[in-house]
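Hello,

Here is the structure I promised to pass on to you. Have a look at it first, and then read my notes below.

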Amino acid sequence: MLPQGMYIHIPFCQSKCQYCDFYSEPLSEHQWLEDYTAGLVVEIQQRALCCDKREISTVYFGGGTPSLLNPGQAERIINAVNEHFCLDSQAEITMEANPGSLDKIKISGYRQAGVNRISLGAQSFDDQELKMLGRRHQRSEIFTTVEELVRKGINNYNLDLMYGLPGQSVSKWEDNLDQALKLEPAHLSCYLLQLDEGTPMGQKVKSGKITLLDEDDEAEMYNLAIDKCTRAGLTQYELSNFSRPDYSCRHNLLYWRSHKYIGIGAGAVSYIADKRFKNSNDWQAYISNLKQNKLPPVEELEHMNANDKLAEIMIMGLRLCEGVNLQQTFDRCAVDVGEHFKMAIQYGMDRGWLEIKSGNLCMTRMAYFISNQVLCLFTA
Amino acid sequence: MQSNIRNFSIIAHIDHGKSTLADRLLQTTGALTDREMRAQFLDKMDLEREKGITIKLQPVRLSYKAKDGQNYILNLIDTPGHVDFSYEVSRSLAACEGALLVVDASQGIEAQTLANVYMAMDLNLEIIGIVNKIDLPGAEPEVVKDEMENVLGIDRNEIIPISAKMGIGIEEVLEAIVAQIPSPAPTEDESLAALIFDSYFDSYKGAICYIRVVSGTVKKGDMILMMHNGKEFEVTEIGVLNPYMTEVNSLSAGEVGYLAAGIKNVSDTEVGDTITSVRHPARKPLPGYQKVKPMVYCGIYPLENNEYDKLRDSLERLKLNDASLFYEPESSDALGFGFRCGFLGLLHLEIIRERLEREYDLNILATAPSVVYKIILTDGQELYVSNPTRWPAPQKIHQVMEPYVKAFIMVPNEYVGAVMELCQNKRGQFINMEYLSTQRVMITYKLPLAEILYDFFDALKSRTRGYASLDYELTDYEMSNLVKLDIMLNGEIVDALSTIIHNDRAYYQARAVTERLRKIIPRQMYEVVIQAAIGSKIIARETIKAMRKDVLAKCYGGDITRKKKLLEKQKEGKKRMKQIGRVEVPKDAFLTVMQVGDE
């Protein structure tokens with residue numbers, strides 16, 4: 001049986017970061033969270049009714065800032081999942097959190113509620129950089145938060161880091177990496193800053209107020225991350241993700257392996273029954289709809305045919321260092337990947353970007369940072 | 001009744017209102033009802049409408065009851081307004097006894113118009129001067145009349161002011177056609193001689209010829225002979241266009257119409273050829289015939305090699321309707337299999353290229369256009385080369401010659417300096433300068449055809465704020481110090497990027513071309529070195545740094561759809577690239593080698 005995940009979107013933030021293009025609203029009243037939680041619980045219940053597969057192996061609270069939820073709210077949501085779906089007893093339950101928004105009470109509360117993984121948006125260990133990004137926390141808060149997590153027994157935590165920030169030097173990035181690795185996180189995500197034009201920072205780049213780095217520097221930073229993480233015992237398993245053995249993010253693996261997921265909450269995206277669809281962003285409408293036991297309006301993003309699905313398996317799967325298993329894909333789609341994507345594979349192999357390792361088609365390290373060049377050839 | 005026939009053309013510059021006037025004539029004489037009136041009925045193809053020019057001519061027969069109470073048959077033979085098609089224009093004019101010269105009241109006479117009027121005068125046509133667009137705020141009909149009188153000797157008092165758009169003066173034009181244009185001259189010879197002034201291919205009837213009968217009569221069932229072409233056919237249908245095809249029993253001396261004879265190939269119906277009867281052939285063909293020769297060549301390649309057959313079929317179909325299109329298979333090391341295509345000029349090239357892409361849905365790549373060079377080898381052998389790839393090794397060349405044109409440029413006098421500078425930059429030799437009026441000048445230059453091929457007209461327009469008009473006629477081949485400039489990508493010559501340039505400007509051009517290529521070729525996985533060389537000597541070099549980043553750093557559940565779309569778009573972009581060795585070259589790069597302006 002293929003695994004299925006649940007994503008729960010908390011669309012509130014205390015303030016919006018300069019680079020963020022996710023849907024979120026500034027949280028001005030705490031009552032909203034209470035109402036919203038109630039809405040989530042009803043949606044979970046309603047969605048369970050129309051779901052043919054109820055097994056859930058991962059739950060992921062993303063946002064926004066999900067750590068704005070108090071432990072009681074988190075518990076009610078997780079309980080609802082447990083009650084209306086079949087939540088695996090070993091399920092990975094991740095909560096995204098800002099370093100400043102977690103204290104020891106919250107941490108033990110979350111833990112009590114079932115959260116067993118924390119993804120910490122550290123982003124940088126430099127206060128100036130944090131300020132530029134519009135983050136609310138400071139470097140010192142990362143340390144205190146991590147310390148608290150470890151003390152409360154949450155060893156499975158991730159740190160998000162960003163590189164390629166305007167003005168950032170390679171050695172500055174190295175310094176950030178060193179500080180992160182010194183904390184010995186189970187998981188580390190290193191994201192190149194890529195700006196959407198609609199974000200405040202994207203606008204500044206467009207108007208020339210700030211300049212992004214030269215791609216040679218960005219590539220150097222990327223390679224540095226891979227080298228340093230590997231040396232520190234973190235294995236790269238996806239283009240931007242590193243982990244200790246057995247600590248890869250199981251929820252995100254679902255995305256990269258093109259498995260199903262149910263998105264709960266305003267603006268959340270689901271992928272079930274060949275369709276990818278998105279709940280409406282309007283959180284107020286979301287709450288009022290669910291008060292009347294009505295599911296929020298959805299927007300269908302994609303209705304995928306066999307070819308589309310195959311393309312997605314490749315595009316997403318090749319992001320993983322393990323690549324795509326040819327036999328499993330054949331079993332899943334009854335298509336010979338080697339034949340179906342003959343041209344693309346040949347193109348990639350000719351350039352040393354693709355290789356076949358023990359039955360898996362995967363990208364070579366030299367292809368990672370230019371992966372669009374080869375991934376685009378697998379589109380439907 | 002031959003005496004009641006009037007055959008005439010309209011000569012006008014682009015946008016001076018030729019098609020609008022033609023439509024008005026159709027409407028006023030009742031050939032088209034208002035309901036059928038579609039703006040510019042005679043221009044048929046979308047491309048013509050878009051470019052605002054008439055490419056194909058469609059003759060039309062009008063019935064007009066004049067003020068003298070008699071009924072007249074007016075045959076309007078439309079003409080294309082572009083230098084590429086001047087031979088076709090000449091044959092259309094040869095089918096007429098008169099021409100309407102239409103000049104925009106705010107623009108004055110343009111070079112192309114002048115060339116066509118001279119052509120009409122050479123053919124002894126009666127010219128009726130018309131000043132159009134008199135309703136526009138900027139109209140200066142009196143100034144334009146002066147110009148027409150000074151330059152062409154047309155009596156200013158006989159020039160008719162009109163507004164085709166508003167329908168002003170149309171009756172006067174019709175009356176002038178009847179009164180001033182002579183009816184077709186009677187001939188003593190009874191043998192059939194009919195001039196083909198255009199033809200096109202109809203999938204049911206075969207090639208359709210538009211003809212002007214000069215002597216004799218032609219009817220259905222006649223056996224006819226194409227005098228230059230030498231082939232014989234049996235007439236299956238004859239008729240007139242009023243404006244729709246209408247069958248008639250016969251066409252006699254002086255009449256204009258169409259003829260079908262089960263002709264499978266338009267190249268058997270050459271413009272300018274004479275149709276005669278097999279049984280009573282004319283003693284000699286009508287004068288003025290020329291074999292159509294392409295002036296400009298370029299390579300056309302499918303971007304995807306597997307579209308070669310489709311490209312061949314498409315060219316074949318275009319050729320059905322366009323006898324002046326030439327093509328033959330060729331292959332390039334860089335581009336694979338394609339075709340060397342010959343055209344009457346750049347506009348013709350552009351039209352064919354666009355039709356291949358739009359109507360035949362092909363993704364094609366065109367190499368830089370080239371003229372036909374004449375090379376005399378050291379062993380005395382003479383060679384014509386239209387493809388730089390076929391250029392002989394320098395040590396085998398004794399002499400190189402290139403085609404020259406005589407270019408006529410008309411401009412307001414304040415731009416004389418700018419125009420002369422441009423012509424000088426393009427290796428021009430000044431011939432003379434004439435004042436058309438106190439404000440307007442005609443400058444005549446001798447220029448290499450190759451220099452005016454690509455962006456000369458654009459440069460001319462931009463230097464004269466759009467006021468200049470240009471016409472040219474081919475003169476002859478002249479000796480020139482030309483060399484082949486090769487472009488190398490990562491050390492390998494890309495044959496399709498080679499061009500022939502003048503030795504004196506080789507360094508400048510080489511630098512300009514390599515720089516342009518550096519800008520247009522995207523970063524690749526490897527560093528790309530662009531070099532320009534003459535023979536084995538490298539004279540310019542540019543480097544494109546290797547691409548280091550092309551990645552979607554984050555890709556999770558919520559944004560998969562959007563990220564996939566980005567990748568799909570990127571794949572589309574790749575399709576517009578041609579893989580040469582390991583370098584992906586955008587298809588536009590092949591034209592940039594020509595785009596070395598005079599900046």
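Which elements of chain A do the buried residues of α8(A) pack against? They pack against β7 (157-163), α6 (170-182), β8 (187-192), β9 (235-238), β10 (241-243) and α15 (365-368). Helices (H or I, at least four residues) and strands (E, at least two) are DSSP runs, numbered from the N terminus.

A word on the source: this is a predicted model, in which local features need pLDDT of at least 70 and side-chain atom pairs count only at pLDDT 80 or more, while totals for chains, interfaces and linings use all residues. Residues are numbered from 1 along each chain as its sequence is written, chains are lettered from A, and side-chain values use heavy atoms, without hydrogens and water.

Back to α8(A): among its buried residues (under 20% relative accessible area, 1.4 Å probe, protein chains only) are A:M221, A:Y222 and A:L224. After the helix comes A:G233, with a positive phi near 90 degrees.

Now the interface. On chain B, 29 residues are in contact with 44 residues of chain A, contact being heavy atoms within 4.5 Å. Nine salt bridges cross between the two chains, each a side-chain nitrogen of Lys or Arg within 4 Å of a carboxyl oxygen of Asp or Glu. One of them joins A:E302 to B:K564, with the closest N and O atoms 2.6 Å apart. Helix α13 (residues 560-575) of chain B gives the most to the side of chain B that touches chain A, namely nine residues.

Enjoy exploring!

Notes:
Buried means under 20% relative accessible area, exposed over 50%, partly exposed in between (1.4 Å probe, protein chains only).
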